Amino acid sequence: MIVCVCRNISERNIRQAVDTGTTSMSQLRNELDLGTCCGKCHSCAKRVLRECLAEVRPTQPIMFHPNALAA
């Protein structure tokens, strides 16, 4: 899916950027020139970025350690 029509940036481009270490919209802007023209892609790009980051770093459940309160 094309996320940024102005710069012809696709969801795949964003996924590749995340795979190489991109973690923020400002990094996407610097690396892909995303959202620098009309700005209409910003919300969609942000959603795609969040989804990609969630796939790379799934949320870990919080675990209680019994000795944590002993100190």
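Reader: How many salt bridges does the structure hold, and what makes a pair count as one?

Author: The structure holds four salt bridges, the term being used when a side-chain nitrogen of Lys or Arg comes within 4 Å of a carboxyl oxygen of Asp or Glu. This is a predicted model, in which local features need pLDDT of at least 70 and side-chain atom pairs count only at pLDDT 80 or more, while totals for chains, interfaces and linings use all residues. Residues are numbered from 1 along each chain as its sequence is written, and side-chain values use heavy atoms, with hydrogens and water left out.

Reader: Why is the pair of Arg 7 and Asp 33 called a salt bridge?

Author: The closest N and O atoms of Arg 7 and Asp 33 are 3.2 Å apart, and this value is within the cut-off for an Arg nitrogen and an Asp oxygen, so the pair qualifies. The pair links distant parts of the chain, since Arg 7 is in the loop between strand 1 (2-4) and strand 2 (9-10), whereas Asp 33 is in the loop between helix 2 (25-32) and helix 3 (42-56), 26 residues apart.

Reader: How do you know where a helix or a strand begins and ends, and what pattern does the protein follow?

Author: Helices (H or I, at least four residues) and strands (E, at least two) are DSSP runs, numbered from the N terminus. Counted in this way, the protein has three helices and two strands, and along the sequence they follow the pattern β-β-α-α-α.

Reader: Why are Arg 7 and Asp 33 called neither buried nor exposed?

Author: A residue is buried when its relative accessible area is under 20%, exposed when it is over 50%, and partly exposed in between (1.4 Å probe, protein chains only). Arg 7 has a relative accessible area of 37% and Asp 33 has 35%; each value falls between the two limits, so each residue is partly exposed.

Reader: What makes Arg 15 and Glu 11 a salt bridge, and how are they placed in helix 1?

Author: Their side chains meet at 2.9 Å, N to O, which is within the limit for an Arg nitrogen and a Glu oxygen, and the pair therefore counts. Arg 15 lies in helix 1 (residues 11-19), and because Arg 15 and Glu 11 are four residues apart in that helix, about one helical turn separates them.

Reader: Why is Glu 11 put in one accessibility class and Arg 15 in another?

Author: Glu 11 has 19% relative accessibility, which is under the limit for burial, so Glu 11 counts as buried. Arg 15, at 27%, lies between the limits and therefore counts as partly exposed.

Reader: Which residues do Glu 11 and Arg 15 touch beyond their neighbours in sequence, and what does contact mean?

Author: Contact means heavy atoms within 4.5 Å. With residues up to four places away in sequence not counted, Glu 11 touches Met 1, Val 3 and Val 48, and Arg 15 is in contact with Cys 52 and Glu 55. Arg 15 and Leu 53, 38 residues apart in sequence, are 8.7 Å apart in space, C-alpha to C-alpha.

Reader: What makes Glu 51 and Arg 47 a salt bridge, and where do they lie?

Author: The closest N and O atoms of Glu 51 and Arg 47 are 3.1 Å apart, a value that satisfies the cut-off for a salt bridge. Both residues lie in helix 3, four residues apart, about one turn of the helix. Glu 51 has a relative accessible area of 33% and is partly exposed, and Arg 47, with 38%, is partly exposed as well. Elsewhere, salt bridges that share partners join Glu 11, Arg 15 and Glu 55 into one network.

Reader: What makes the phi of Asn 8 and of Asp 33 worth a remark?

Author: Most residues other than glycine have a negative phi. Asn 8, which is not a glycine, has a positive phi of about 55°, and Asp 33, also not a glycine, has a positive phi of about 65°. Asn 8 is in the loop between strand 1 and strand 2, and its relative accessible area of 55% is over the upper limit, so Asn 8 is exposed.

Reader: How many of the contacts in the protein join residues at least 24 apart, and what part of the protein do buried residues make up?

Author: Among contacts between residues at least 6 apart in sequence, 52% join residues at least 24 apart. Buried residues make up 25% of the 71 residues.
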